[in-house]
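Good morning, everyone, and thank you for making the time. I would like to walk you through a structure that is new to most of you, so please keep the view open while I talk.

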Amino acid sequence: MAKDDPKHDYSFNVLQEQVATEDLFEDKTHQRVANTLNNLIANTDQGLTIGLEGGWGSGKSTVINLLKHGLTSSEEKTLFFAFDAWAHDGDPLRKIFLESLISSIDPQERDEKLNQLRNEVSARKKTVVVKTEKSASKLGKLLSLSALPIPVGAALLTAVKYEKLLWSWQSGASSVDFTFLFGILFSFFPLIALLVWANWGDKDTKTGNVKWDVLESESEENYTQDITEDGERTSIEFERFFNEILSYVFDSKSEYAYEQAIIVIDNLDRVEPEYAQNIWSTLQTFFQHRTSSLNNLNHQWKNKLWFLIPFDREGIKNIWQGNSALNGVSNDNSQVAASFMEKCFQITVEVPPPVMSAWIDYFKNCVEHSFTGWPEKQKIEYIESYTQCMSKLDISPTPRQIHTHINRAGVIALHWSGTFSAEAICIYSLSRQLMTESKFRVALLDDGIPNSFPNIQAVNKLKAELAGILFGVEAKKGMQLLLTPEIKSALSDGDGDKLKELESKHDAAFWLAFRACSNDWMVTDSHIDEYKLNTITAIYEAFSDSKNKVISFVRKIQAAFLSSFDNWKLDEFSYEAGLRALYNMTDKNEELLSELGKKTKKRIYRIVNSIDKDEFESSELCQLAELETFLKDSKAPIPRKHYIKLDIDSWQNWLEHCKKEHARFSSVAPQKSVFEQLIINSHFNQNALNKAYITTLEETFSMFPDNKLWIKLTPSIISWFNLNGREINAEVLFKLAIKVLASGSPDEKKAIKACVSQAPFWKRSAHADISTNPSLPFLVAISDRDFRDNQYVGTNVKSFFDKEFDKEMIAYAFDQFKAADELTSIWELAIDDRNEFAREIIRKIDNDDIFSIGASRVDEISWASDEETSTMVKQLCKSGAVKNIQSHVKTKPQIYSRTIYLLKEFGDEQAKVFVETLLEKLNREQWFEAINKHNELLKCIPENNPYFGKA
């Protein structure tokens, strides 16, 4: 549309919702139905109950009106009474029905007989005379009399000279002051009267108590009261009144002298089910001509009474559905409704919906009549859009629906004066007729046009117009208002998927709204931490593949997020995931890590130095440790610091808090002297270790295994292992020895392995309980690969490895070898048939670490089946281990002949290509050597290889 078109003001004529007096449809469907009813009534001797079936707005009221006009021109004088059940929903049914019937016959209330019946039906007035006599009781009279001396007493008391009054026992007292005495007596006369009444007053004959009523019913009072009865008429009264009314108006001597009566019960399918059932119950005498006191009489009007009931079949179903639901009874409502209609309706006449061509012509006529101020082009566009939409819905609109839609569209166009297209106005009007505002908003956010209506212009442009109409703004602003709440909600909830979906569906409109509302959602210092983290998460999940679109926003978020670091609630929220998302989105990574590192280091320093104070906040430790881990993973670790505050006692306290909060810090270390103190206090020179300090030592070593301050640890461990009288069970030290094997110097590793393999170690360890010392057997297997043939190794260890390992023990065994950095030992131990546990680890553990170092040992897998070998070779290829040995295989193909064969048979595509290339490059001498050694290169001979032929 052209906005502010001076030639067209978009004025329109409102289409009134009136019952038509003529059939405006081309096929005259309604007129034909009315004619049929007229003929039926004229040619049938006995009155019937006729059902007029049609959907809401299909034109049933139009048919009834056409029928009424047809009967008016008939020679037979007809009483036509339409009772609107919907208009009287909730009123006393029988009473209002009879009153409405009388008013229909005599609207001016001139007929004396009908007025009398009207008053009787309504039970207008009653006059009630009430007589009440009221007077004062004896007590009342006594109190009235006793009050008379009070003014005299008050006057006497006023005249008394109180300064001269003396008590009788005081010196100077002479005669009695009668003025004062009588003043007091007169003033307190009512009180004296009450005291007298309390002792000698009248008593109640029933209770025997003194009567204290001041008034009693003796006087007489007359008044008249008008009362209107609102009660319902009984069924007997209803029949009697109905008979009197119809008998009177059908009497040939009356001024009416009706020859037939047609009663229409309209909108019965729109009222509450219970009320509708009451109507059926009330009128069933006439509907079904049942035997009753009324039907036993030979009334002249009985065979001339017709009932016409317009109804919608779905509405009738609901009447019985409501009743079933109320009683908790499940039943086939369609069958009940059908049975009901068969009993009530002797004839059912249908009002068919208009055919496509008929309603389109009618619609065009309505548009021409209404849109007088519209440009012709817009009218054509509007008609085309409406026709397409109705075709999509596969329905024929009723006249009422057409009028409602045109009126709604006319108001919108008048309001906007050409701002929006006729298509947008049409689709908006239709959509809002079908759905609520909230549902329409949701539909605009989905793909396509609401209700999947056909569209002429581009989808995004049309949706922008629909949003503009919805929010009462221009199209551009409309999409912004539509998307802004959704964008803010997605950011607030951390819903990146929703944000991504909005962007993919609305594209340019989304980014326009995203930028326009950025001041509303942008992270600031004042926002709660949850909102900040959710916003970062949502943006990362939605736009990690298109960072450039949001980079300017990410910079602002980064600045606001870090500036509030001191207020982060580390005891409530985890910030690591949010920081990783921010790190992956920002273009200022170094700035982020630098500022975060400084702030985290400062906060760690503060909390460490409050270890022995009341303000120590252990609940922050877990999240602080996560921040430290994030910085370490991002190649910006916080340097390790030996805190003077952490002496040996404070260090133990620190570790206890960290363990409780599941926190681990690599940047927090105790005083340097603590390392040696732990070794000394563990009592390695005594038979019994100090459990508290050795546990602390083991935890500290796990955190800082590479610290040079552990120089005395390995000799101390070996010294204690060799003590003759040491305690047998020492799991913590066996566990510690495995960790030393992983991080110690070559000499330290060699010394521990030698110790474990020799007799002094086994004097006590041979008696250790493996269930109490689970690390012992693995310390032995790691230290001595030939432990099964070592005469000193105890049977407790050897028998342990003879048992079948379950899944849990296999995982534990793998962890022990990994902790000692001795995964290669697993492959070496697996060569021995007695070490089935090592083979089970290789078979069952799906971990790249074990296979990444196993390629050099793949040719030693003689103990596995072809299927197991195939699985292991595939795992080696997957872990990248084959790439690590390719250079060795190329230079020493004879030594790796079985490896080459296994890769050729079971390797992945890359491994097979490598092998094929290698085999093509082998020269005559190398093939000759393979023939002499009869190795497995002979299983890999390529076709038409000239060098092999020469060999």
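Before I point at anything, let me give one convention for pairs of helices, which is that an angle over 145 degrees between them counts as roughly antiparallel. Please also keep in mind throughout that what you see is a predicted model.

With that convention in hand, look at helix H24, residues 576-585, and helix H25, residues 589-608, which pack with their axes 9 Å apart and at an angle of about 150°. That angle is over the cut-off of 145 degrees, and H24 and H25 are therefore roughly antiparallel to each other. The crossing in which H24 passes H25 is right-handed. On the H24 side the residues that meet the partner are Leu579, Leu582 and Tyr583, and on the H25 side they are Asn589, Leu592, Leu593 and Leu596. Sorted by class, this contact of H24 with H25 holds six nonpolar residues and one polar residue, with no charged ones.

A second pair can be read in the same way. Helix H6, residues 150-159, and helix H7, residues 178-187, have axes that come within 7 Å and cross at roughly 150°, and H6 and H7 are therefore roughly antiparallel to each other as well. The crossing of H6 and H7 is, however, left-handed. From H6 the contact draws on Ile150, Val152, Gly153, Ala154, Leu156 and Leu157, while H7 supplies Thr179, Phe180, Phe182, Gly183, Ile184, Phe186 and Ser187. These residues of the contact of H6 with H7 divide into nine nonpolar and four polar, and again none is charged.

Let me now step back to the whole chain. The secondary structure of the protein chain comes to 45 helices and eleven strands, and of the 951 residues in the chain, 46% are buried. If we take the contacts between residues at least 6 apart in sequence, 73% of them join residues that are at least 24 apart.

Where do we find the residues with the most contacts inside the largest nonpolar core? That core has 196 residues, and the ones with the most contacts inside it are Ile487, Trp521 and Trp654. Taking Trp521 as an example, and not counting residues up to four places away in sequence, we find that Trp521 touches Ile487, Lys488, Leu491, Phe514, His527, Tyr531, Thr535, Ile539, Phe553 and Ile557. Apart from the largest core lies another one, of 38 residues, which includes Phe81, Ala85, Tyr256 and Phe311.

For a helix that sits inside its surroundings, please turn to H30, residues 713-721. Seven of the nine residues of H30 are buried, so this helix is largely enclosed by the rest of the structure. The buried ones are Leu713, Thr714, Ser716, Ile717, Ile718, Trp720 and Phe721, and they pack against helices H28, H29, H31, H32 and H33.

I would also like to show you a few single residues. Met435 is found in the loop between helix H16 and helix H17, and, at 15% relative accessibility, Met435 counts as buried. Leaving aside neighbours within four places in sequence, Met435 is in contact with Phe440, Ala443 and Asn451. Asp849, by comparison, has its place in helix H39, residues 848-852, and at 32% relative accessibility Asp849 counts as partly exposed. Not counting residues up to four places away in sequence, Asp849 touches Lys818 and Leu823, and the C-alpha atoms of Asp849 and Lys818, which are 31 residues apart along the chain, are separated by 8.7 Å.

Finally, a word on backbone angles. Most residues other than glycine have a negative phi. Which way, then, does the phi of Lys635 go, positive or negative? Lys635, although not a glycine, has a positive phi of about 65°, and it lies in the loop between helix H26 and strand E10, where Lys635 is exposed, with a relative accessible area of 76%. Asp821 is likewise not a glycine and has a positive phi of about 55°. Asp821 belongs to the loop between helix H36 and helix H37, and at 55% relative accessibility Asp821 counts as exposed.

Notes. Residues numbered from 1 in each chain as written. Predicted model: local features only at pLDDT ≥ 70, side-chain atom pairs only at ≥ 80, totals over all residues. Heavy atoms only, no water. Axes fitted to C-alpha atoms, helices over the stretch in contact; angles between N-to-C directions. Helix = DSSP H or I, 4+ residues; strand = E, 2+ residues; numbered from the N terminus. Parallel < 35°, antiparallel > 145°, perpendicular 65-115°, else oblique. Left-handed = near helix turned anticlockwise from the far one by under 90°. Contact = heavy atoms within 4.5 Å. Nonpolar A, V, L, I, M, F, W, Y, C, P; charged D, E, K, R; others polar. Core = buried A, V, L, I, M, F, W, Y, C linked by side-chain atoms within 4.5 Å. Buried < 20%, exposed > 50% of the residue type's maximum accessible area, 1.4 Å probe, protein only.
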